[in-house]
Amino acid sequence: MHIVTSAMTVPENVVTNDQLAEIMPTSDEWIRTRTGIRERHIATAESNYSLGLSVSQQLLASANLDATQLDFIIVATMSPDYATPGEANRIQAAIGASSAFAFNINVACSGFVYAMHLADKLLQNGHYGIVIGSEVLSRLVDWQDRSTAVLFGDGSGGVLLKGDEAAAPVVDLLSLRDTDLSLKAGGEDKYFAMNGRAVYQFAIREVPNSIQRVLTQAEMVPDQIDWVLLHQANARIIESVAKKLQLPPERFLQNIADFGNTSAASIPMLLHQAIQAHTIQRGQQLVLSGFGGGLSVGTMLLRY
């Protein structure tokens, strides 16, 4: 498969660190030095569905493709508007994708990579599919809890894929049993709760290992990677992974300062921005790696 085009949408409302400092005991310096985040987009009138719908419409318009040509729509999200129907099904109806099947998946912050792997297995030569990561996490956080509220933002990003005869992306997926370390919400727990230190240690240990495994499968060395797009959870994690792989930090693209942690949306949003800026060029080798709740890791090596 190959990526035909990309798109992203974020809510209009921007909340800065200074604004958060007005409602909780924190400061711009405290947030920036610990996370790398300066601001985030927070939904007001927007929903998970409306953000994802905008992305799908942009993808089709950019490729001049009719929705009836789609085989499937996959939405990766951990913050759906409803338990059912899923955002993917609602998008399918709205755009008139009459030949497509549609479903959501929830692998938290690893979700986009898992969805891309599924798409690769589902795509037939010459056919099309859409993969979207979309989140409205602001409705799941306690806005008085600085340990979580300062981290998350809302947004949606996605890609239009086409099946071809090129070599399949190399993938490494890993699920760990450390469920106590992940984000929790639902039931009696209305808001997210997270053991941040433990998740940080998990990420800096398992993400480099996962990237190394895909490189070993592909018989490549780290220096052959053009760009690494990690889930944008924390700038310190990104720096630590770069150090462990002995790669220049400049090869690790970042937008966490402007959007915060947008879970399954973070990688496709980052990908779209880099493509639009012509940072990512056709033929380059990309590593996408998501990590988070579950615990889970998903890494994909693909040629753009």
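Contact here means heavy atoms within 4.5 Å. Keep that cut-off in mind for the helix stops on this tour of a predicted model.

**Stop 1: helix 10 over the sheet**

Select residues 266–276. This is helix 10, and it lies across strand 9 and strand 10. Add residues 285–292 to show strand 10. Against strand 9, helix 10 runs at about 145 degrees.

**Stop 2: the sheet itself**

Now show strands 8, 9, 10 and 11. They form an open sheet of four strands in the order 8-11-10-9, and the pairing is mixed. Which strands stand at the edges? Select 170–175 for strand 8 and 227–230 for strand 9. Each has a single partner strand, so one side of each is left without a neighbour in the sheet. From one strand to the next, the twist averages 10 degrees.

Stay with strand 8 and add residues 296–303, which are strand 11. The two pair in the antiparallel sense, over six bridges. For one facing pair, pick V170: L301 in strand 11 stands opposite.

**Stop 3: two helices crossing**

Go to residues 48–63, helix 3, and residues 87–95, helix 4. Their axes come within 9 Å and cross at roughly 50 degrees. Angles of 35 to 65 degrees fall outside the parallel and perpendicular classes, and helix 3 and helix 4 are therefore oblique to each other. The crossing is right-handed.

Show side chains at the contact. From helix 3, pick N48, Y49, G52, L53, S56, Q57 and L60. From helix 4, pick E87, R90, I91, A94 and I95. What kinds of residue make up this contact? Six are nonpolar, four polar and two charged.

**Stop 4: a salt bridge within a helix**

The model has six salt bridges by the distance rule. To see one of them, select R32 and D28. Their closest N and O atoms are 2.6 Å apart. Both residues lie in helix 2, residues 28–35. They are four residues apart, about one turn of the helix.

**Stop 5: backbone oddities in loops**

Most residues other than glycine have a negative phi, and most peptide bonds are trans. Three places to check follow.

- Select T84 and P85. A cis peptide bond joins them, with omega about 0 degrees. P85 lies in the loop between strand 4 (70–76) and helix 4.
- Select G294 and L295. The peptide bond from G294 to L295 is also cis, with omega near -15 degrees. L295 sits in the loop between strand 10 and strand 11.
- Select A108. Phi is near 50 degrees, a positive value in a residue other than glycine. A108 is in the loop between strand 5 (101–105) and helix 5 (111–122).

Technical notes:
Residues are numbered from 1 along each chain as its sequence is written. This is a predicted model: local features need pLDDT of at least 70, side-chain atom pairs count only at pLDDT 80 or more; totals for chains, interfaces and linings use all residues. Side-chain values use heavy atoms; hydrogens and water are left out. Two strands pair if DSSP finds at least two bridges between them. Axes are lines fitted to C-alpha atoms, for helices over the stretch in contact, and angles run from 0 to 180 degrees between N-to-C directions. Angles under 35 degrees count as roughly parallel, over 145 as roughly antiparallel, 65 to 115 as roughly perpendicular and the rest as oblique. A crossing is left-handed if the near helix is turned anticlockwise from the far one by less than a right angle, and right-handed if clockwise. Ala, Val, Leu, Ile, Met, Phe, Trp, Tyr, Cys and Pro count as nonpolar, Asp, Glu, Lys and Arg as charged, and the others, Gly among them, as polar. A salt bridge is a side-chain nitrogen of Lys or Arg within 4 Å of a carboxyl oxygen of Asp or Glu.
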